[in-house]
Amino acid sequence: VNLKILTTQAKRNEQVAYQDFLKICIENWKAHKRIDSAYIATHPSPYSWLINNCTQAYYLNELLQSPYYRMKTNDWLGTLHSSPIQECIDYKGYCVSSDCILFYSSLTFYLFNQFTYQHAPEFYKELLLLKALPDHQRQLLQQGIQLGERYNQGDKKVYTAYYKIYKELQTTLTEPLEKVYTPRFLSYLDSIFPPAKADLLKMNLLLGDPEDKQNLIQLLQPSLKTPWCLKILKDELIQVQKEIAQQQQDLKIIQSGTTPLPPCQNVGKTDFGAHLYKVEKYKAKDFLTALQKNFPGKALIIDFWSTWCGWCPSALQTSHEYKQALKDSPVEFIYICTSSSTTETKWQTRVAQLKIPGIHIFLDTHICQKILEQYALKEVYPTIIFINKEGKYVPEALSKNYLLDGAEKVKTRLQAYF
């Protein structure tokens, strides 16, 4: 219960002390161990040690995934050889369970985020050598170098400004940065783990769309030493190449020309009824108002999503089911994809694969961020909002379990908010 309270406070951006959170996590871990011990005492087995092993994975995963220790907190869980991060590094999970799998994934990305954040100034210096960089990106890189070096020297006052630039560059220079820091991170894992464990963590990096995976496989392959990982990688490459070939076929279904939708720029349409648009420049505070003018007398349900979000495809499919159930109601469904860490081509491919008819908009990440900020929402995907006929954001119109409620329950609830 205490852990839930602290997590809620964190989501509301309330200040929670690092030591308070850590203390409660440790207390919870001790309580879990007491429960495990009581169970094992009455159910003896030569495999009882697996219970403790799996429970420990749950506890360590909570530490690694906690919002307090993500980059935006300026309060890392710990340096490489400090407790409790050392406990995470030393832990060996033997259960093929959700807790163990999630732990290894969380450990990979905790180390990855910490490594890239602390070494970012070095990466930025390399990118400055690229000739085809716009002036504003060069300026951001120079600022990132200055602030990052000050931060790494102990000046925590620059954290907010440094993190803002770091996030901006991660979004706008995704591919060049990945080419610079991925090989170094792979070497970093090799330096702190035995080969098999290092390879297991490396395999967690295989995320993203097929093109991203193909590029990553080329970087991963020379660094892997474990035969079973190399076999998995080989099989994955075959599958990825098939997916890329299918993507190229999918893109062919996008035709030029579609119904105008101010203030959006037309991109194209598909034979399954998707209309594609993009917006690169517009005042965020006026965007939804201008968009809603295309649908007089209608409310809007807007799905904000991203091409790299694992949950988003199923969320979009659910919204499409709701749309069909609400076809006679005064509401329009809009699917808005952020440009953050993706490209227009990747978005078009994803739309073609999902085959969800309706209005799809590829929105500049800065506009997307500011729209969510004006409604006091975090940039988390998927995020779904309801705008009534008068253009007012009504958060209570959609329940917290919107995607699980089912079409009829959503339809009944919305009648009071149109």
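Buried means under 20% relative accessible area, exposed means over 50%, and partly exposed is what lies in between. Keep that handy for this predicted model.

**Exercise 1. Work out whether Lys355 is buried, partly exposed or exposed.**

Step 1: Find the residue. Lys355 sits in the loop between helix 14 and strand 5 (358–363).

Step 2: Check the backbone. Lys355 isn't a glycine, yet its phi is positive, at about 55°.

Step 3: Apply the cut-offs. Lys355 has a relative accessible area of 46%, so it counts as partly exposed.

**Exercise 2. Do the same for Ser341.**

Step 1: Look in the loop between strand 4 (331–338) and helix 14 (344–354), which is where Ser341 lies.

Step 2: Ser341 is another non-glycine residue with positive phi, here near 55°.

Step 3: The relative accessibility of Ser341 is 28%, so call this one partly exposed.

**Exercise 3. Track down the cis peptide bonds at Pro263 and Pro382.**

Step 1: Start with Pro262 and Pro263, whose joining bond is cis with omega about 5°. Pro263 belongs to the loop between helix 11 (227–251) and strand 1 (265–269).

Step 2: Move on to Tyr381 and Pro382, where omega is near 0° and the bond is again cis. Pro382 falls in the loop between helix 15 (365–374) and strand 6 (383–387).

**Exercise 4. Describe how helix 5 packs against helix 8.**

Step 1: Pick your descriptors. Two packed helices are described by the angle between their axes and the distance between the axes.

Step 2: Read them off. The axes of helix 5 (98–127) and helix 8 (174–192) come within 9 Å and cross at roughly 130°.

Step 3: Name the arrangement. That angle makes helix 5 oblique to helix 8, and the crossing is right-handed.

Step 4: See who's touching. Helix 5 brings residues including Leu111, Phe112 and Phe115, while helix 8 offers Val180, Tyr181 and Phe185 among them.

Step 5: Sort the contact residues by character: 14 are nonpolar, 2 polar and 2 charged.

**Exercise 5. Which strands stand at the edges of the sheet?**

Step 1: Write down the order. The open sheet has 6 strands, running 1-2-5-4-3-6 with mixed pairing.

Step 2: Go to the edges. Strand 1 and strand 6 each have a single partner strand, so one side of each lacks a neighbour in the sheet.

Step 3: Add the twist, which averages 25° from one strand to the next.

Step 4: Zoom in on one pair. Strand 3 (299–305) and strand 6 run antiparallel, joined by 5 bridges, and Ile301 stands opposite Phe386 of strand 6.

Technical notes. Residues are numbered from 1 along each chain as its sequence is written. This is a predicted model: local features need pLDDT of at least 70, side-chain atom pairs count only at pLDDT 80 or more; totals for chains, interfaces and linings use all residues. Side-chain values use heavy atoms; hydrogens and water are left out. Helices (H or I, at least four residues) and strands (E, at least two) are DSSP runs, numbered from the N terminus. Buried means under 20% relative accessible area, exposed over 50%, partly exposed in between (1.4 Å probe, protein chains only). Axes are lines fitted to C-alpha atoms, for helices over the stretch in contact, and angles run from 0 to 180 degrees between N-to-C directions. Angles under 35 degrees count as roughly parallel, over 145 as roughly antiparallel, 65 to 115 as roughly perpendicular and the rest as oblique. A crossing is left-handed if the near helix is turned anticlockwise from the far one by less than a right angle, and right-handed if clockwise. Contact means heavy atoms within 4.5 Å. Ala, Val, Leu, Ile, Met, Phe, Trp, Tyr, Cys and Pro count as nonpolar, Asp, Glu, Lys and Arg as charged, and the others, Gly among them, as polar. Two strands pair if DSSP finds at least two bridges between them.
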